[in-house]
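Here's a quick tour of some side-chain contacts and the space inside one protein. Have a look at the structure first, then read on.

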Amino acid sequence: MSKAEKFDVAIIGAGPAGIMAAIESVKLGLSVALVERNPALGKKLLLTGNGRCNITNAEFDLKKLVKNYNNGEFLFHAFSTFGPKETISFFEKIGIETKVENNKRVFPLDFKAEGVLKILNKYLANNNVHIFLDSETTGVNLRGKKINSLVLRGPEGNFNIVAEKYILATGGKSYPQTGSDGSGYALAEKVGHTVVKTRPALASIKLKEPWVKDLQGISLEEIKISVFQKRPLLKEYGEIIFTHFGISGPAILNISGLVGDLLEKGEVKMSIDFFPLLNQEELLGGLEDVLKENISKTTKNILSIFVPERMAECLLSVAGIDKNKTANNMSKLERSALVKILKNFEITPESVLGFDLAMVTRGGVSLKEIDHKTMKSKIINNLFFAGEIIDVDGKTGGFNLQACWSTGYLAGKSAGFAFLSGKG
């Protein structure tokens with residue numbers, strides 16, 4: 001390897017965003033370098049969808065799509081250029097058939113992330129993208145408002161890469177064992193960018209209530225979770241799962257970023273509505289009917305008709321109702337209290353689990369410093385951004401991968417066009 005390699009476009013980070021950026025730049029006939037600190041590409045891609053690779057979400061209404069993101073409006077142009085429809089079409093053209101599962105989640109037909117990565121690797125190789133593995137970017141050389149070269153440490157020692165355009169796609173801080181340890185933020189700050197405080201997102205939540213350990217393993221579907229801090233702030237519907245330390249599941253993951261933000265300001269309360277499709281009067285009527293039909297059964301057995309048995313015991317304990325009391329001995333006040341707790345079961349978040357277990361990062365390079373139409377830096381003339389490094393994060397269900405594909409596509413194409421036009 002020579003001490004200085006020269007390319008038209010150099011991309012730091014070979015996750016989904018970096019790979020897509022490389023594909024779009026090389027399509028324009030440019031020489032492209034893809035730099036990856038790991039010994040292989042796409043390590044984090046293999047974890048998506050629990051290894052099944054939730055490629056995207058088939059929400060084709062872009063106005064609805066951006067609502068699934070924190071700072072989603074920033075992505076509207078990227079989605080207009082390369083959204084879920086274009087993503088599905090792209091993968092099918094390179095040989096990856098897809099299918100849509102519940103909640104519009106899109107997967108490869110064989111549900112194998114390894115297959116997706118293998119085909120992407122093949123595409124890069126066939127199109128002569130120069131891939132530098134086990135190569136860590138340790139420095140950036142600036143000349144005025146332009147990057148002149150990258151300083152890298154590779155298997156054979158230190159070397160430089162010189163390019164006309166650079167794309168930073170290093171990911172965030174989530175799952176640092178994949179190489180996504182936040183080092184890209186330091187590079188961005190070194191060249192003058194602002195990094196909005198980073199926090200874990202799409203993570204489980206630890207609860208203060210000691211009884212939560214007794215509910216470990218209980219899963220509830222089609223419930224409503226509300227988040228409060230002096231006033232109602234957010235509602236989320238879906239599935240939750242209790243753990244030995246707190247609560248998880250898709251509905252919890254989706255609100256964890258906001259809960260983390262709020263906990264920095266003070267105490268947060270959450271409320272579970274076990275029957276969001278019924279109001280209190282309707283639920284009370286249903287409970288009264290069950291009580292009349294089972295007058296000799298205990299409150300524990302009655303409530304176990306509505307929720308899992310261990311959940312029933314917990315709810316009765318919190319409501320202060322004797323679990324061994326028979327239905328015909330329940331007072332009107334107790335019946336109302338039971339309905340109230342089924343509609344408004346309060347829990348108290350203590351913390352959001354850390355980056356080691358979080359799926360994505362909240363925060364990142366400030367959107368004020370990035371052109372949403374090109375992903376180009378507003379500070380460095382020949383720098384572009386793509387993927388999780390920017391201050392956007394989405395819900396679970398393929399949304400974060402879609403943001404990577406879209407911003408990677410836009411950054412790669414924009415950097416390529418800027419090179420060909422001689423701008424920047």
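In this predicted model, Lys 85 holds its charged end over the ring of Phe 60, 5.4 Å from the centre of that ring. Arg 52 does something similar with Phe 107: it lies over the ring face, 4.4 Å from the ring centre.

Now for rings meeting rings. There are twelve aromatic pairs in the structure, and two of them are set out here.

| Pair | Centre distance | Plane angle | Geometry |
|---|---|---|---|
| Phe 7 and Phe 132 | 5.8 Å | 85° | edge-to-face |
| Phe 91 and Trp 405 | 5.1 Å | 70° | edge-to-face |

Phe 7 sits in strand 1 (residues 4-12) and Phe 132 in strand 7 (residues 130-132), so their pairing ties together parts 125 residues apart in sequence. Phe 7 counts as buried at 7% relative accessibility, and Phe 132 does too, at 8%.

The other pair joins helix 4 (residues 84-93), home of Phe 91, to helix 12 (residues 399-421), home of Trp 405, so it bridges 314 residues of sequence. Phe 91 is buried, with a relative accessible area of 0%, and Trp 405 is buried at 0% as well. Ring pairs link these two with Phe 82, Phe 90 and Tyr 409 into a cluster.

What about empty space? The structure has one cavity of 30 Å³ or more, and the largest cavity has a volume of about 60 Å³. Its lining has ten nonpolar residues and no polar or charged ones; among them are Ile 12, Tyr 166 and Leu 383. Strand 9 (146-154), strand 10 (157-168) and helix 6 (183-190) each supply at least two lining residues.

How values were computed. Residues are numbered from 1 along each chain as its sequence is written. This is a predicted model: local features need pLDDT of at least 70, side-chain atom pairs count only at pLDDT 80 or more; totals for chains, interfaces and linings use all residues. Side-chain values use heavy atoms; hydrogens and water are left out. On a 1 Å grid over the protein atoms alone, a cavity is a set of points where a 1.4 Å probe fits but cannot get out, and a pocket is an open set with protein on both sides within 12 Å along at least five of seven lines; lining residues have an atom within 4 Å of a point. Grid points are joined across faces, edges and corners, and a volume is the space filled by probe spheres set on the points. Helices (H or I, at least four residues) and strands (E, at least two) are DSSP runs, numbered from the N terminus. Ala, Val, Leu, Ile, Met, Phe, Trp, Tyr, Cys and Pro count as nonpolar, Asp, Glu, Lys and Arg as charged, and the others, Gly among them, as polar. Rings of Phe, Tyr and Trp (its six-membered ring) pair if their centres lie within 6.5 Å; planes under 30 degrees apart count as stacked, over 60 as edge-to-face and the rest as tilted. Buried means under 20% relative accessible area, exposed over 50%, partly exposed in between (1.4 Å probe, protein chains only). A charge sits over a ring if NZ of Lys or CZ of Arg is within 6 Å of the ring centre and within 35 degrees of the ring normal.
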